[in-house]
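Reader: I am in my first year and still learning to read structures, so I would like to ask for a close look at a single part. Could you take me slowly through the surroundings of the ligand, and then through the aromatic rings and the backbone that go with them?

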Amino acid sequence: MPASALNVPTILFGGDYNPDQWPREVWDEDVRLMKEAGVNAVTVGVFAWSTLEPREGEFDFAWLDDVMDLMAKNNIGVILATPTASPPPWFTLSHPDGLPVTKDGVHYIHGSRDTYNPSAPSYRNAARIITRKLAERYAGHPALLMWHLHNEYGTISYGPHTDAEFRNWLIRKYSTLDNLNKVWNSRFWSQQYATWEEIFAPQATQYLPNPSAILDFKRFCADQLRVVLDDQIEIMREVSPNTPLTTNFMLPTWNHFNQWDFAADIDVVSIDHYLDSTTMDGEAHVAFASELARSFNNGQPWMVMEQGTTVIYDYAAGRVYPKAPGRMARNTLQYIAHGSNSSLFFQWRTPLTGAEFFHSGMIPHTGENTRAWREIVDLGHTLHQLAEVTNAPAHNSRTNTAKIAIVWEPDAWWSAETPAMPSNDVAFLPALREVHKALWLEGFAADFVQLGAPLEGYDLVLVPNFIAVSDAQAHNLTQFVRSGGHAAVWFFAGSTDENLNVRVGDTFTAAFADLLGIKVDEHWPLPTGEFRELSNQMSGFSWGESVATTTAITLATYRSADLKDKPAITRNTFGAGTATYVSTQIRGTELRALMREIVLNAGIDKTHPQAGDGLEIVRRFSGEHTYLFVLNHTDSSHTVSASGYELLTDTPITSQITVAPFGYAVLREDTPTR
Ligand code: GAL
């Protein structure tokens, strides 16, 4: 069943609640504070396996019974988790085969989390047992709101169980070793396989591994995570069929599963998303994650399962920064503007010790008399005022303002990460984030789609990075343009088929040869930081190509000696539409200018005439009303033309509204009263 809407009468507000980690007397204090803040939903038991099953086969549900009853008594819904992301220490001793093995052959044991191998029957069995026990005990409990299956699926393991399942997966895909040997070109470096047993999950080896094998392994790992997710879904649908199911996607950095496949199996998409920048890049990132979540969830209301309260997580730099006052609430409204029906946090109470003891929580270490807690209470009040928007799905490109779709393909990401690519700058996530950010700064909204999915309803499809394109995907994009759509395709796209086999022919763009009306006979990767000037005053970084036009026109040429006068950006009229090709990496404000030109060429409007440059203006639509969210991410005030009823100040608005620096407003349009 494809993901559907989170139908709730009010915005879910709360967070991961771990009462099992605190003395009983703290629970009453928790309830008092939850009521003060207007918390109406908590996520319980995410990592509670060792408390629920302290010894294999011995269960202790007494404490969870108490928590569920306490929450029911206080009208707080429970999003009850299956604790399967963190097997207890007994699992290590009883089922050492079920633990993960790294690429280098290191056997992990417990001590952190995610110590399991999704291919190990012992893990799958233990996970099924605890899932069924929970389902049988709590199905129908008055506090039960949803099932939260596992936490952030994403564990990769090597080792014998993985080898066996990988072989089965390959047999299903290729049927014969001849097919596999051909697609993998396994004669290269003498890797031809004579029996299936000779194939192993691609663990550490002497030098470059086979890219086609690596891509297949990534696909297999994603499918295997879907298998363990589906183990739990099957049990829940049998034992607790009336309660919606979700699992939290770690966005956008986590790429170990196929988000589209997961979304098709669960009821509602939920995401974990942590602000990662002290600058407005953070807000661009919130919009990026939100538009992804909305797209994974078919444009229907989705959930923020986790965000941080007072800190910004710069994982790459290994540090956190304080979040400015008010920013948490503004970000929360951003998620809601893009269709979230929840604002949940990691976590309710900040732990005093243990891993992550300095991550933020709704109740900080320093307690109630803090700005952090006051902001939580204020946010609870704000969300209460916005309850009616939960009836309104997110704005959806097919029906409303945004008509742009960006291609998000797990395969594209995995392909870009395989070894032996001509440049490390051929990266998936940064390319998509840059393009999305340029659109966001220009005031446009975008959906994300798969390249093989139906594209009608969109005016413009963007393919910022997609190496390994299948014939069917290329055909889909070609048909879309033929029948009047517009497309923009970036360098290196379609250079190979879906199995990383270079396409035969006289152009690297063979997959899109007619569509683009160009030939590319040579790639021209550039050293890091180097660029080539283009005739339109832009600079091209990272990559160039030797392009010749066949039917396309040239929008800009290279000016440098090496690629002199060769086309750098082209546009082909094809059927009733156009296809733009960008053979190099355009960045920053120049990318904004390029995106503006491409979008205007497709005849697309901004979300609001004044949107852009950090003034984010987006709508949610219900059958009855539209809701206009005006989010000012800048340090100056903005007056925006709008009319309706402002829900946060309870004020009718006749023609315009002024929004303070870093402020926001939410209007029910064209209905001047509450
Ligand atoms: C999430 C995870 C939580 C917690 C949080 C801290 O990704 O699901 O359990 O670790 O990060 O930022």
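Author: What follows starts at the ligand and then moves to ring pairs, charges over rings and a few backbone details.

Please keep in mind from the beginning that this is a predicted model. The residues that surround the ligand are Phe-47, Arg-113, Asn-151, Glu-152, Met-250, Asp-272, Tyr-274, Glu-306, Tyr-315, Phe-346, Glu-356 and His-359. Sorted by class, this shell holds five nonpolar residues, two polar ones and five charged ones. If you look at individual atoms, you will find an oxygen atom of the ligand 2.9 Å from an N or O atom in the side chain of Arg-113, and likewise an oxygen atom of the ligand 2.9 Å from an N or O atom in the side chain of Asn-151. Glu-306 also takes part, with a polar side-chain atom that lies 2.8 Å from an oxygen atom of the ligand. Taken on its own, the ligand has 310 Å² of accessible area, and the protein covers 97% of that.

Two members of the shell lead directly to the backbone. Phe-346, which is among the residues around the ligand, is joined to Gln-347 by a cis peptide bond, with omega at about -5°. Gln-347 itself has its place in the loop between strand 10 and helix 12, where the helix covers residues 371–385. On another side of the sequence, Asn-151 belongs to the shell, and His-150 has a positive phi of about 60° although it is not a glycine. His-150 is found in the loop between strand 4 (144–148) and helix 6 (160–174), and it is buried, because its relative accessible area is 0%. Thr-155 sits in the loop between strand 4 and helix 6 as well, and with a relative accessible area of 10% Thr-155 is also buried.

It is useful to set His-150 beside a residue that likewise has a positive phi without being a glycine, namely Ser-190, where phi is near 55°. Ser-190 is located in the loop between helix 7 (177–183) and helix 8 (211–239), and it counts as exposed, because its relative accessible area is 69%, whereas His-150 is buried.

Let us now turn to the aromatic rings. A pair of aromatic rings is described by two things, the distance of the centres and the angle of the planes. Across the whole structure, a search finds 36 aromatic pairs. In one of them, the ring centres of Phe-13 and Phe-345 are 6.4 Å apart and the planes stand at 85°, so this pair is edge-to-face. Phe-13 belongs to strand 1 (residues 12–17) and Phe-345 to strand 10 (residues 342–345), so the pair ties together parts that are 332 residues apart in sequence. Both partners are away from the surface by the usual reckoning here: Phe-13 is buried, at a relative accessible area of 2%, and Phe-345 is buried, at 0%.

A second pair can be read in the same manner. Phe-61 and Tyr-138 are also edge-to-face, with 6.2 Å from centre to centre and 75° between the planes. Phe-61 lies in the loop between helix 2 (49–52) and helix 3 (62–73), while Tyr-138 is in helix 5 (residues 121–138), so this pair ties together parts that are 77 residues apart in sequence. Phe-61 counts as buried at 8% relative accessibility, and Tyr-138 counts as buried at 1%. Tyr-138 also connects us back to Thr-155, since the two are 17 residues apart along the chain and their C-alpha atoms are separated by 27 Å.

Rings can join in greater numbers too. Ring pairs link Tyr-153, Phe-249, Phe-257, Trp-260, Phe-262, Phe-288, Phe-296, Trp-408, Trp-413, Phe-428 and Phe-448 into a cluster.

A ring may also have a charge placed over it. The charged end of Arg-167 sits over the ring of Phe-200, at 5.1 Å from the ring centre, and the charged end of Arg-587 sits over the ring of Phe-541, at 4.0 Å from the ring centre.

One last contact can be followed between side chains within the protein. Ser-546 lies in strand 18 (residues 543–549), and Ser-546 is buried, with a relative accessible area of 6%. A polar contact of 2.7 Å joins its side chain to that of Asp-521.

Conventions
Residues numbered from 1 in each chain as written. Predicted model: local features only at pLDDT ≥ 70, side-chain atom pairs only at ≥ 80, totals over all residues. Heavy atoms only, no water. Near = heavy atom within 4 Å. Polar contact = N/O pair within 3.5 Å; in protein donor to acceptor, adjacent residues only side chain to side chain. Areas by Shrake-Rupley, 256 points an atom, 1.4 Å probe, with all protein chains shown as cover. Nonpolar A, V, L, I, M, F, W, Y, C, P; charged D, E, K, R; others polar. Phe/Tyr/Trp six-rings, centres within 6.5 Å; stacked < 30°, edge-to-face > 60°. Helix = DSSP H or I, 4+ residues; strand = E, 2+ residues; numbered from the N terminus. Buried < 20%, exposed > 50% of the residue type's maximum accessible area, 1.4 Å probe, protein only. Lys NZ or Arg CZ within 6 Å of the ring centre and 35° of its normal.
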